[in-house]
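Student: Could you take me through one helix packing in this structure, slowly, and then tie it to the rest of the protein? I'd like to know who touches whom and how the cysteines fit in.

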Amino acid sequence: MTQISRFIGEVVPVAQRVTGDGGESAAPEGGGGFADYALVSLHCLRIYLDSSYRMTIDLLKEMPQITGEIGLNAADLPAPSTLCKAFDRISISVCRVLLRQSAQLHDLSEHAAIDATFYDRSPASRHYCQRISYRVQKLKVTKLVDTASQAVLDVHCSTNREGSDADLAEQIARRNAGDLRSLAADKGYDKQSLREGLRDLGIRPLIKHRIFAPYDHAHNARIDDNSYNQRSMTETVNSAVKRSLGFAVRARSWFREFREIALMCVVYNIKRFVKQ
């Protein structure tokens, strides 16, 4: 069995659990549309293959075994424009549940780290940029990563750099409070309100203090170095995602880009699980 076959063999059950329509036919029947799990699976394959909508459909027409795993055959595959429009119907909440389900394929340790990175937005013509005021060139993406399995637990995207990283980290931690025992981050997240908020959630903060006074050395000495140094796993994951799935998002509008980033993390989690 090839790696792509094992990959789609894990994607389809996850998509069926999340969308809740696993009992339906993947292909349109009686004038209906494609099942949601089939469209989600096709979009995950598109990201896995790092190709355009048209090229993805062309490649899948030559892969009957892969399309058969989804419940489709070559004649059933949607047109590239149909697949593109279907992306708008995948809500960000569904993408978050997909991400959580893909992370649970791994043996999670309840110890996580958080950090931010930037993704390029695909180059566009000057005329297009002027027509839709397309000025932001990079997306800021914050990932919450399990330090043992290196699975992405949660993700947050933004088109601006305003606001505090510490406040954002607390927001992400609250969404995952029941699954975490500790959270590691670098000194960019040094904020007392974040530490207090994490402790209120039952999460031990592993965040070094910036040195402003002698007692800050004492605070840092109480943090176990082995646990704190695991925060570098976020940098490892950010690098792995970019190297395998690309440094830029293909979508043009910000809401499609956010979905694409979330699905990239889903694909990364499942790819890592399949390799293991």
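**A close look at the α1/α2 packing**

Tutor: Helices α1 and α2 cross with right-handed geometry. Their axes come within 9 Å of each other, and the crossing angle is roughly 140°. Those two values are what we need, because two packed helices are described by the angle between their axes and the distance between the axes. Keep in mind as we go that this is a predicted model.

Now for who sits in the contact. On the α1 side you'll find Q3, I4, F7, I8, V11, V12, A15, Q16 and T19, while α2 brings D36, Y37, V40, S41, C44, L45, Y48 and L49. Sort the residues of this contact by class and you get twelve nonpolar, four polar and one charged.

Let's zoom in on F7, one of the α1 residues in that contact. F7 belongs to α1, which covers residues 3-19. With a relative accessibility of 1%, F7 is under the 20% cut-off, so F7 counts as buried. Skip the neighbours within four places in sequence, and the residues F7 contacts are C44, L45, Y48, V267, I270, K271 and V274. Three of those names, C44, L45 and Y48, also appear on the α2 side of the helix contact. As for L45, 38 residues separate it from F7 along the chain, yet the two C-alpha atoms are 8.8 Å apart.

C44 is worth a stop too. C44 counts as buried because its relative accessibility is 2%. Is there a disulfide anywhere? Searching the whole structure turns up zero of them. For C44, the nearest cysteine sulfur belongs to C95, at 8.5 Å, and C44 is in no disulfide. C265 tells a similar tale: its closest cysteine sulfur, in C157, is 7.5 Å away, too far for a bond, given a cut-off of 2.5 Å between the sulfurs. C265 is buried as well, because its relative accessibility is 1%.

Step back to the whole protein for a moment. There are 13 helices and six strands, and buried residues are 49% of the 276. Take the contacts with a separation of 6 or more: 65% of them join residues 24 or more positions apart. The exposed surface is about 13300 Å², with 48% supplied by carbon and sulfur atoms.

A few other spots are good for comparison. T67 sits in helix α4, residues 64-70, and is buried because its relative accessibility is 1%. Beyond the four-place window, T67 contacts L60, L72, N73 and L77. R195, in helix α9 (residues 192-200), also counts as buried, because its relative accessible area is 3%. Its contacts outside that window are D190, P205, I207, K208 and H209.

For something that isn't buried, try S91, in the loop between α5 (80-87) and α6 (92-103). S91 counts as partly exposed because its relative accessibility is 27%. Along the chain, R256 is 165 residues from S91, and their C-alpha atoms are 9.5 Å apart.

Terms used. Residues are numbered from 1 along each chain as its sequence is written. This is a predicted model: local features need pLDDT of at least 70, side-chain atom pairs count only at pLDDT 80 or more; totals for chains, interfaces and linings use all residues. Side-chain values use heavy atoms; hydrogens and water are left out. Helices (H or I, at least four residues) and strands (E, at least two) are DSSP runs, numbered from the N terminus. Buried means under 20% relative accessible area, exposed over 50%, partly exposed in between (1.4 Å probe, protein chains only). Contact means heavy atoms within 4.5 Å. Accessible areas come from the Shrake-Rupley method with a 1.4 Å probe; for residues, only the protein chains shown count as cover. Axes are lines fitted to C-alpha atoms, for helices over the stretch in contact, and angles run from 0 to 180 degrees between N-to-C directions. A crossing is left-handed if the near helix is turned anticlockwise from the far one by less than a right angle, and right-handed if clockwise. Ala, Val, Leu, Ile, Met, Phe, Trp, Tyr, Cys and Pro count as nonpolar, Asp, Glu, Lys and Arg as charged, and the others, Gly among them, as polar.
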